[in-house]
Amino acid sequence: MHLDAHRQAAEQHELAAKAHRTAAEHNEKGENETGNWHSQRALEYADRAYRLAKEAHTKSGQIGTL
């Protein structure tokens, strides 16, 4: 069960990184409104990743039955 939480956290981290890169590309082109939109998405993905990672960490410390 906790492996799924780790996987979900990793996916959200990857989405955040992609959104950050996209935001940077738009900002470099002077497309600040679009860059800001992608920056906001990156923040949302990063927040979700943090919550999922915290949950995964908590679950990793629990001993369960197989």
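# A tour of a two-helix chain

The chain has two helices and zero strands. The model is a predicted one.

**Whole chain.** Start with everything in view. The chain has 66 residues, and 21% of them count as buried. About 5,200 Å² is exposed, with carbon and sulfur atoms supplying 53% of that area. Now turn to the contacts between residues at least 6 apart in sequence: 65% of these join residues at least 24 apart.

**Helix α2.** Select residues 32-60, which make up helix α2. How far apart are the end C-alpha atoms of α2? They are 41 Å apart. At 1.5 Å a residue, the 29 residues of α2 should span 42 Å, so the two values agree.

Keep α2 selected and colour its buried residues: G35, H38, A42, A49, L52 and A56.

**H38.** Select H38, which is in helix α2. Is H38 buried or exposed? Its relative accessibility is 18%, and because buried means under 20%, H38 counts as buried. Leaving aside residues up to four places away in sequence, H38 touches A19, T22, A23 and H26. Show these four residues with H38 to see the contacts.

**E25.** Next, select E25 in helix α1, which covers residues 2-28. E25 is partly exposed, with a relative accessible area of 46%. Draw a distance between the C-alpha atoms of E25 and H38; the viewer should give 10.0 Å. Along the chain, these two residues are 13 residues apart.

**R41 and E44.** Go back to α2 and select R41 and E44, both of which lie in this helix. They are three residues apart, about one turn of the helix. An α-helix has 3.6 residues a turn, so residues three or four places apart point the same way.

Which residue forms a salt bridge with E44? The partner is R41, and the closest N and O atoms are 3.0 Å apart. Side chains of opposite charge can pair when their charged atoms come close. A search of the whole structure finds one salt bridge. E44 is partly exposed, its relative accessible area being 28%.

**W37.** Leave R41 selected and add W37. R41 lies over the face of W37, at 4.5 Å from the ring centre. R41 thus takes part in two features of this tour: the salt bridge with E44 and the placement over the W37 ring.

**Aromatic pairs.** Last, look for paired aromatic rings. How many aromatic pairs does the structure hold? The count is zero.

Key:
Residues are numbered from 1 along each chain as its sequence is written. This is a predicted model: local features need pLDDT of at least 70, side-chain atom pairs count only at pLDDT 80 or more; totals for chains, interfaces and linings use all residues. Side-chain values use heavy atoms; hydrogens and water are left out. Helices (H or I, at least four residues) and strands (E, at least two) are DSSP runs, numbered from the N terminus. Buried means under 20% relative accessible area, exposed over 50%, partly exposed in between (1.4 Å probe, protein chains only). Contact means heavy atoms within 4.5 Å. Accessible areas come from the Shrake-Rupley method with a 1.4 Å probe; for residues, only the protein chains shown count as cover. A salt bridge is a side-chain nitrogen of Lys or Arg within 4 Å of a carboxyl oxygen of Asp or Glu. Rings of Phe, Tyr and Trp (its six-membered ring) pair if their centres lie within 6.5 Å; planes under 30 degrees apart count as stacked, over 60 as edge-to-face and the rest as tilted. A charge sits over a ring if NZ of Lys or CZ of Arg is within 6 Å of the ring centre and within 35 degrees of the ring normal. The expected span of a helix is 1.5 Å times one less than its number of residues.
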